[in-house]
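Here is a quick briefing for anyone opening this structure for the first time. Have a look at it, then work through the points below.

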Amino acid sequence: RSIAPDALAAAQSRKRARLDQAKERGLPPGAAGGQREQGPQGAGRGDTPQPPYMRHRLREREQAWAAIGCSTMVRSWVREGFQFVWSEAGPPAAFEAANHASARQHSAFVSEQVAELLAAGTIERRAQKPHIVTPLGVVEQGKLRLIFDARQLN
């Protein structure tokens, strides 16, 4: 499950380019990668957000949530994220699964996508193996999509 160094370097380079573009446009650093591309004229869908467009955006607007009368519980989710609470049975047993065959078949795509997620700060490297390691897969529906299979948690 290692990432090819060239894929990580390419993803970091793309992130730096997005940061430079945001700076040129006078956007705050948090908006890098969050620029919106105009949809096709008359498409009726408006702007299409580009990842990682959500990072800390809710938290930055907590006062707006308060202004529209959201409950304190919802505002705590905005501030701190949603806290998972295990059932009375407690957390699931330790689990590790191999990646799906589709991920192995498209290993270059998986490496590229994981490198982009690392570069964006969406995921992070861990020194120790997590309690649960869920498999990755790739869905082919016109284009490739990386999936995180968390069925074991449900």
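Let's start with Arg61, in what is a predicted model. Arg61 counts as partly exposed because its relative accessibility is 38%, a value that falls between the 20% and 50% cut-offs. Its side chain meets that of Glu60 in a salt bridge, with N and O 3.7 Å apart. Glu60 has a relative accessible area of 57%, so it counts as exposed.

**More salt bridges**

- How many salt bridges does the count come to? The count comes to seven.
- Glu96 and Lys129 meet through their side chains in a salt bridge, at 2.9 Å from N to O. This pair ties together distant parts of the chain, with the two positions 33 residues apart: Glu96 sits in strand β3 (residues 95-96), while Lys129 is in the loop between α6 and β4 (132-133).
- Glu96 is partly exposed because its relative accessible area is 49%, which stays under the 50% line for exposed residues. Lys129 has 58%, so this residue counts as exposed.
- Another salt bridge joins Arg126 to Glu124, where the closest N and O atoms are 3.4 Å apart. Both Arg126 and Glu124 are exposed.
- Some of these charged residues form a network: salt bridges link Glu62, Arg75, Arg79 and Glu80.

**The overall layout**

- The protein has six helices and six strands.
- Reading from the N terminus, the order of elements is α-β-β-α-α-α-β-α-α-β-β-β.
- There are 154 residues in the protein, and 21% of them are buried.
- The accessible surface adds up to about 11,600 Å², and carbon and sulfur atoms account for 53% of that.
- Take the contacts with a separation of 6 or more: 54% of them are between residues 24 or more positions apart.
- For one pair from separate stretches of the chain, look at Ala10 and Glu116. They are 106 residues apart along the chain, and their C-alpha atoms are separated by 8.3 Å.
- Ala10 belongs to helix α1 (residues 5-24). Ala10 counts as partly exposed because its relative accessibility is 30%.

**The nonpolar core**

- Which residues make up the largest nonpolar core? There are seven: Ala103, Phe109, Val110, Val114, Leu118, Leu136 and Val138.
- Helix α6 (107-120) and strand β5 each bring at least two residues to this core. The biggest giver is α6, with four residues.
- Phe109, one of the core residues, touches Val138, Leu144, Arg145 and Leu146, once residues up to four places away in sequence are set aside.
- Val138 turns up again as a contact of Ser102, which also touches Gly137, again leaving out residues up to four places away in sequence.
- Ser102 is placed in helix α5 (residues 101-105). Buried or exposed: which is Ser102? Ser102 counts as buried because its relative accessibility is 18%, and the cut-off for buried is under 20%.

**The β5-β6 hairpin**

- Strands β5 (residues 136-141) and β6 (residues 143-148) pair up in the antiparallel sense, over six bridges.
- Val138 has Leu146 in β6 as its bridge partner. Phe109 touches both Val138 and Leu146.
- The hairpin leaves one residue between its two strands, and Gly142 takes a positive phi near 85° there.

**A nonpolar patch on the surface**

- Met73, Trp77, Phe82 and Phe84 make a nonpolar surface patch of about 500 Å².
- Where does Met73 lie? Met73 is part of helix α4 (residues 72-80).
- Met73 counts as partly exposed because its relative accessibility is 48%, under the 50% that an exposed residue has to pass.

Methods:
Residues are numbered from 1 along each chain as its sequence is written. This is a predicted model: local features need pLDDT of at least 70, side-chain atom pairs count only at pLDDT 80 or more; totals for chains, interfaces and linings use all residues. Side-chain values use heavy atoms; hydrogens and water are left out. Two strands pair if DSSP finds at least two bridges between them. A nonpolar core is a set of buried Ala, Val, Leu, Ile, Met, Phe, Trp, Tyr and Cys residues joined through side-chain atoms within 4.5 Å. Buried means under 20% relative accessible area, exposed over 50%, partly exposed in between (1.4 Å probe, protein chains only). Contact means heavy atoms within 4.5 Å. Patches are made of residues with over 30% relative accessible area and no salt bridge: like charges are joined within 9 Å, nonpolar side chains (Val, Leu, Ile, Met, Phe, Trp, Tyr) within 5 Å. Accessible areas come from the Shrake-Rupley method with a 1.4 Å probe; for residues, only the protein chains shown count as cover. A salt bridge is a side-chain nitrogen of Lys or Arg within 4 Å of a carboxyl oxygen of Asp or Glu.
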